[in-house]
Amino acid sequence: EGGTERHTYDVVVVGAGGAGLRAAIAAHEAGARTAVVCKSLLGKAHTVMAEGGIAAAMGNRWPEDGWEVHFRDTMRGGKMLNHWRMAQLHAQEAPERVMELEDWGALFDRTEDGLISQRDFGGHKYARLAHVGDRTGLEMIRTLQQRTVALGIDVFMECTVTDVFKQDGVVSGALAYWRETGRFVVFDTPTVVLATGGIGKSFKVTSNSWEYTGDGHALAMRTGASLINMEFVQFHPTGMVWPPSVKGLLVTESVRGDGGILRNSEGERFMFDYIPEYFRAETADTVEEADAWYEDKKSNRRPPELLPRDEVARAINSEIKAGRGTPHGGIYLDIASRRSPEFIRKRLPSMYHQFKELADVDITREPMEIGPTCHYVMGGVEVDPDTQESAVTGLYAVGECSGGMHGSNRLGGNSLGDLLVFGKRAGESASAHAAGLGARRPQVDEDHVRAARASALAPFEVEGGENPYSIQADLQQSMNDLVGIIRTGPELQEALRAIEALKVRAASMKVEGHRQYNPGWHLALDLRNMLVVSEAVARAALAREESRGGHTRDDFPGPDPAWGTRNLVVRLDAAGTGVELHEQPLPVMPDELQQYFESK
Ligand code: FAD
C-alpha cells in the first residue's frame, strides 16, 4: 500500500471516553502535540451512558465527609485488594476534578444552599456522588468534548487502533484503520495512552455496547505489559430482563439510592436475608430502620438494598435460582409504591423513558423486572499509581482499561472519578516523557508496520473459513454460562477448553467483501482481543480459589485470608498465543493509612 497516511504526535490517546478526553486535555495543556483516536463517533463512549454520578468527598451534604472516609470506603468495597496509593490519590483529588469540570461549564444539580448536590450510592458512607439527574456521564462528556474541540486537539473518529509498535523495548508508534475506508494510518509517537474502556461485549448479557471488546487490555498484553485483577468482573445487580432485545441494559443504582427496593415473586423484601457479616454493623436490619434512613441518615443505618454491588447481585441470583423470580426470570425493583410519580419523573427521567419506551412499563405505577448484567471490569493494565505508566516505557493506561484502583469490586461513582483523576495524571506524565526525549525519539520499524498490516488483512485471504459472528456468539455464551456471576472450578476449566477451541476456529476465520466499511472484518479484528482477554479472565478466575468481591466461586464460597494478601497478574505467554499467570504480594500500605482500618 503506497502512501499510507502518517501522522507525528507526542501523545496519542486511544479512546474518547472520560479518561481519554481528560488525558488528552492534560497532555495538550502541558504542551504536547496530542491526538485522540476513537473507534466510534466522538462522544459515543461508555462514559456518556453513566447515570448515577461522580464520587468525590466534597462534603457538601455531609461536612464530616473527607478523603480519608472515601479512601476507606473504596478499599473496603474492593475487599482490600486495591492498590492503596491509587485509592488514596483518587479520594484526595476527585473533589478538585469535579470543581474543575464545573469551571469548564458542567451544570451539576444543586443542594438547597446552592452547592453541588451529592447523592447516596452503595458502599459510600456519606452521600457523595455529584450528579446531573441520572445523566451525569452525558454532561461530563459534553463538557470534556467541548473543551477538547475548543483547544483544537486533533480527533480521529471511527478509527480503530490495532497495534502499538515498540523500538528497543519502548513505544514508537501505533497502527490504526479508518472504519469507513478500511485504509491504514500510522502514528509516529513515543507515547500511547490506552483509554479504551471495558470488556463486557465478551459476555452475552451486558450493559456494555459493541465497542467494549477489551482492545486496550489486549494491546497492552501484546506490547509486553501485564494485567492485574482480571478475575474481578462486576455484575451490576439491576439490568433489564425484558424484552429480550434489551436484556442487560442498565437500570441505575440511583433507583435504590432514591428509595427503590427489591422484592421476590412472593412479595418479600429479601435483602434483609443477605446482609454479610462484613457489613452488618453499618446495615439496617429492620424494615423500619431501613425506611427511616431516607429521612434521617444520622440516626439510622443504610438499607441492605444499598450494599456493594457484588453482594446485591449475588442475592438476586440466589433468589432467582431458588425459584422466586419474576415471569421473565428477574426480580422486582419497586419504586412506584414508595415515591410519588412527580419525584420519580424528576429524579429518574431517563429510567422513566427507558422503561416506557422499551418495555411499555410505567415505573411510577408498576415495579420493574430486573436481573444481574455484566457491567464493568475491575481488572486492567497494571500501572504505576502516580503516572499510569505500564511496564512498557511510553505505554500508559487509564480509566476502565487500567487496573488496581478498584481491587476486587468497584463502588458506584468511583469510575467517573477515576477517569478524571488518573486521566489528568496520565496526560501529564505522557507529555513529560515525550518532552524529555529531545532528539532521542524512537522510530517505527517499517517491518513491524508491514507485519501488522498483513496480520489485520489475513482474514480476507482465508478460503472456506467460518465467519466471525458465530465465533463471537459462542464466546459470549461460554463466558456468560461458565465465567459468569457464580463460578466453579470444573466450569472454568470447560470455559478454557472452549476458548482454546474458539482460538482454533478464529485462526481460520474468513471475512467476505472488501475493506470499505466492513463490520465483519472489524469484528474479526476485535475477536482477537476478545479471545485473549476472555482467557485472562477465565485463567485468573480458576486460580483464585476463594470468593471475594466480583469473583464468586461456588466451590470456595468464603474469602480466604491467604488470598487477601496477593493479586494475580496476567501476561502473554512466550509463544504469544495464550496467557500466563503469576501471584504478586499486595503493595504495603503505610502506617498512616493503615490506621483507618484499625477500628471498624
Ligand atoms: P469509555 O467511556 O468506555 O470509552 C472508551 C473509548 O475507547 C471509546 O471512545 C471507544 O470508541 C474507544 N475505543 C475502544 N477500543 C478502541 C480502539 N481499538 N481504537 C480506538 N478507540 C477505541 N461509572 C460511574 O462512576 N458512575 C456511574 O453512574 C456509572 N454508570 C454507568 C452506566 C452504564 C450504562 C455503564 C455501561 C457504565 C457506567 N459506569 C458508571 C461506568 C463508567 O461509565 C465507565 O467505566 C467509564 O465511563 C469508562 O470510561 P473510559 O473513559 O475508561 O472508557
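I'll start with helix α12, which gives four residues to the shell around the ligand, the largest share of any element. Bear in mind throughout that this is a predicted model.

The shell as a whole has 40 residues, and the closest to the ligand are Gly15, Gly17, His46, Gly197 and Gly399. Besides α12, which spans 414-437, the elements that give two or more residues are α1 (18-29), β3 (34-38), α4 (136-151) and β8 (159-167). By residue class, the shell divides into 21 polar, 14 nonpolar and five charged.

Next, the core. The largest nonpolar core has 161 residues. Which of them touch the most other members? They are Val12, Val13, Ala23, Val37, Val193 and Leu194. Helix α16, residues 519-543, gives the most to this core, with 14 residues. As background, nonpolar side chains tend to be buried together in soluble globular proteins.

Take Val193 from that list. Not counting residues up to four places away in sequence, Val193 touches Val11, Val13, Val14, Ala23, Tyr396, Val398, Ala426, Gly427 and Ala430.

Now to helix packing, with two pairs to show.

The pair to look at here is α5, residues 215-223, against α16. Their axes come within 8 Å and cross at roughly 80 degrees. The two helices are therefore roughly perpendicular to each other, since the range for that label is 65 to 115 degrees. On the α5 side, the contact is made by Asp215, His217, Ala218 and Met221; on the α16 side, by Arg528, Asn529, Val532 and Val533. Sorted by class, the residues of this contact are four nonpolar, two polar and two charged.

The other pair is α14, residues 468-482, and α15, residues 489-507. Here the axes lie 10 Å apart and the packing angle is about 170 degrees. That makes α14 roughly antiparallel to α15, because the label applies to angles over 145 degrees. From α14, the residues in the contact are Ile471, Asp474, Leu475, Ser478 and Leu482. They meet Glu491, Leu492, Glu494, Ala495, Ala498, Leu502, Arg505 and Ala506 in α15. This contact divides into eight nonpolar residues, one polar and four charged. On the spacing of such residues along a helix, an α-helix has 3.6 residues a turn, so residues three or four places apart point the same way.

Moving to α2, residues 67-77. Which of its residues are buried? The buried ones are His70, Phe71, Asp73, Thr74, Met75, Arg76 and Gly77. They pack against β4 (54-55), α3 (84-103) and α12. The last of these is the helix I opened with, the one with the largest share of the ligand shell.

The backbone after α2 deserves a look. Lys79, just after the helix, takes a positive phi of about 55 degrees. Met80 also has a positive phi, near 70 degrees, in a residue other than glycine. Met80 is in the loop between α2 and α3. Met80 counts as partly exposed because it has 19 C-beta neighbours inside 10 Å, and buried would need 20 or more.

There is another positive phi at Asp360, near 55 degrees, again in a residue other than glycine. This one is in the loop between α11 (349-359) and β16 (368-377). Asp360 is exposed, with 9 other C-beta atoms within 10 Å.

One cis peptide bond to note: the bond joining Trp242 and Pro243, where omega is about -5 degrees. Pro243 sits in the loop between β13 (233-240) and α6 (254-257).

Last, two more loop positions.

Gly329 is in the loop between α9 (309-321) and β15 (331-334). Is Gly329 buried or exposed? Exposed, because 12 other C-beta atoms lie within 10 Å, and the cut-off for exposed is 12 or fewer. Leaving aside neighbours within four places in sequence, Gly329 is in contact with Val241, Ile320 and Gly371. From Gly329 to Leu416, 87 residues apart in sequence, the C-alpha to C-alpha distance is 31 Å.

Glu463 is in the loop between α13 (446-461) and α14. With 6 C-beta neighbours inside 10 Å, Glu463 counts as exposed. The C-alpha atoms of Glu463 and Pro349 are separated by 51 Å, and the two residues are 114 apart along the chain.

Conventions: Residues are numbered from 1 along each chain as its sequence is written. Axes are lines fitted to C-alpha atoms, for helices over the stretch in contact, and angles run from 0 to 180 degrees between N-to-C directions. Angles under 35 degrees count as roughly parallel, over 145 as roughly antiparallel, 65 to 115 as roughly perpendicular and the rest as oblique. Two residues are in contact if their C-beta atoms, placed from the backbone, lie within 7 Å. Ala, Val, Leu, Ile, Met, Phe, Trp, Tyr, Cys and Pro count as nonpolar, Asp, Glu, Lys and Arg as charged, and the others, Gly among them, as polar. A residue is near a molecule or strand if its C-beta atom, placed from the backbone, lies within 6 Å of it. A nonpolar core is a set of buried Ala, Val, Leu, Ile, Met, Phe, Trp, Tyr and Cys residues joined through C-beta atoms within 7 Å.
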